[in-house]
Amino acid sequence: MVKVTPVQLVGEDERGSNYEWNTDRSGDFILCYRKAGSSSGQHYHEGKADYKNPEVLYLLSGKAAMDWCPLGGSSIERVEMEAPARIEVPVNVWHQLIAVTDCCFIELNSMADVRKDSIRIWRDEFEKMINK
């Protein structure tokens, strides 16, 4: 359910590399820096905010893992990724991003979207729910 797509390399030389992607979203975005071993999320979205349906993140640097499980699912899955990558999380999927290394990502939504449409369930509580 969580979809990770490599970002397209469009040029590379002695200075570094250039990547390109397209998004139909505009407005306020969130830039996040995370330290290795830290986590973000432990929630799901209901689609109340347009830009949380689906939630789209771009991993700009580092390595991360996304633990996820659809509501009503029976086990937490994990997908690992390395920058640059596009991450798409559908509504009604509990998820948690874990920084494997120090990393940086952009969320294509605003803090207002986060407050409007994030249902927090801590991981240990979620694991109890799916293991009943």
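## Strand β10 and its partners

Strand β7, covering residues 63-70, is joined to β10 by seven bridges, and the two strands run antiparallel. The model described here is predicted. One of the positions in this pairing is Ala65, which stands opposite Ile98 in β10. Strand β5 (residues 39-44) also pairs with β10, again in the antiparallel sense, over four bridges. In that pairing Ser40 stands opposite Leu97, while Gly41 stands opposite Gln96.

How many of the residues of β10 are buried? The strand runs over residues 93-99, and seven of the seven are buried, so β10 is largely enclosed by the rest of the structure. In a regular strand, side chains alternate between the two faces of the sheet. In β10, Val93, His95, Leu97 and Ala99 point one way, and Trp94, Gln96 and Ile98 point the other way. Both sets are buried. The bridge positions named above can be placed on this pattern: Leu97, opposite Ser40, belongs to the set that includes Val93, whereas Gln96, opposite Gly41, and Ile98, opposite Ala65, belong to the set that includes Trp94.

## The five-stranded sheet

Strands β5, β7 and β10 are part of an open sheet of five strands, in the order β8-β7-β10-β5-β12, with antiparallel pairing. At the edges stand β8 (77-82) and β12 (119-120); each has a single partner strand, so one side of each is left without a neighbour in the sheet. Helix α2, residues 123-130, packs on this sheet and touches β5, β7 and β10. The direction of α2 makes about 40 degrees with that of β7.

## Strand β11 and its partners

Strand β11 (residues 103-107) is mostly covered, with five of its five residues buried. Cys103, Phe105 and Glu107 lie on one side of the strand and Cys104 and Ile106 on the other; both faces are covered.

Which strands pair with β11? Strand β4 (residues 30-34) does so in the antiparallel sense over five bridges, and Tyr33 has Cys104 as its bridge partner there. Strand β6 (residues 55-61) is also antiparallel to β11, and four bridges link these two strands. Leu57 is bridged to Glu107 in β11.

## Two buried polar residues

Glu55 lies in strand β6. Is Glu55 buried or exposed? Its relative accessibility is 3%, below the 20% limit used for buried residues, so Glu55 counts as buried. The side chain of Glu55 makes a polar contact with the side chain of His45, at 3.1 Å. Leaving aside residues up to four places away in sequence, Glu55 touches Arg25, His43, His45, Ile87, Glu88, Val89, His95, Glu107 and Asn109. Of these, His95 is in β10 and Glu107 is in β11.

Asn109 sits in the loop between β11 and α1 (111-116). With a relative accessible area of 0%, Asn109 is buried. Its side chain makes a polar contact, at 2.9 Å, with the side chain of Glu107. Residues up to four places away in sequence aside, Asn109 touches Asp28, Phe29, Ile30, Tyr51, Lys52, Glu55 and Val114. Glu107 thus appears in several settings: as the bridge partner of Leu57, among the residues touched by Glu55, and in the polar contact with Asn109.

## The protein as a whole

The protein has two helices and 12 strands. From the N terminus on, the elements run β-β-β-β-β-β-β-β-β-β-β-α-β-α.

The C-alpha trace spans about 55 × 30 × 25 Å along its principal axes. A compact globule of 132 residues would have a radius of gyration near 14 Å, and the protein, at 15 Å, agrees with this. Buried residues account for 37% of the 132 residues. The accessible surface comes to about 7,600 Å², and 47% of it belongs to carbon and sulfur atoms. Among contacts with a separation of 6 or more, 78% are between residues 24 or more positions apart.

Terms used: Residues numbered from 1 in each chain as written. Predicted model: local features only at pLDDT ≥ 70, side-chain atom pairs only at ≥ 80, totals over all residues. Heavy atoms only, no water. Buried < 20%, exposed > 50% of the residue type's maximum accessible area, 1.4 Å probe, protein only. Pairing = 2+ DSSP bridges. Contact = heavy atoms within 4.5 Å. Axes fitted to C-alpha atoms, helices over the stretch in contact; angles between N-to-C directions. Polar contact = N/O pair within 3.5 Å; in protein donor to acceptor, adjacent residues only side chain to side chain. Rg over C-alpha atoms; globule rule 2.2 N^0.38 Å. Areas by Shrake-Rupley, 256 points an atom, 1.4 Å probe, with all protein chains shown as cover.
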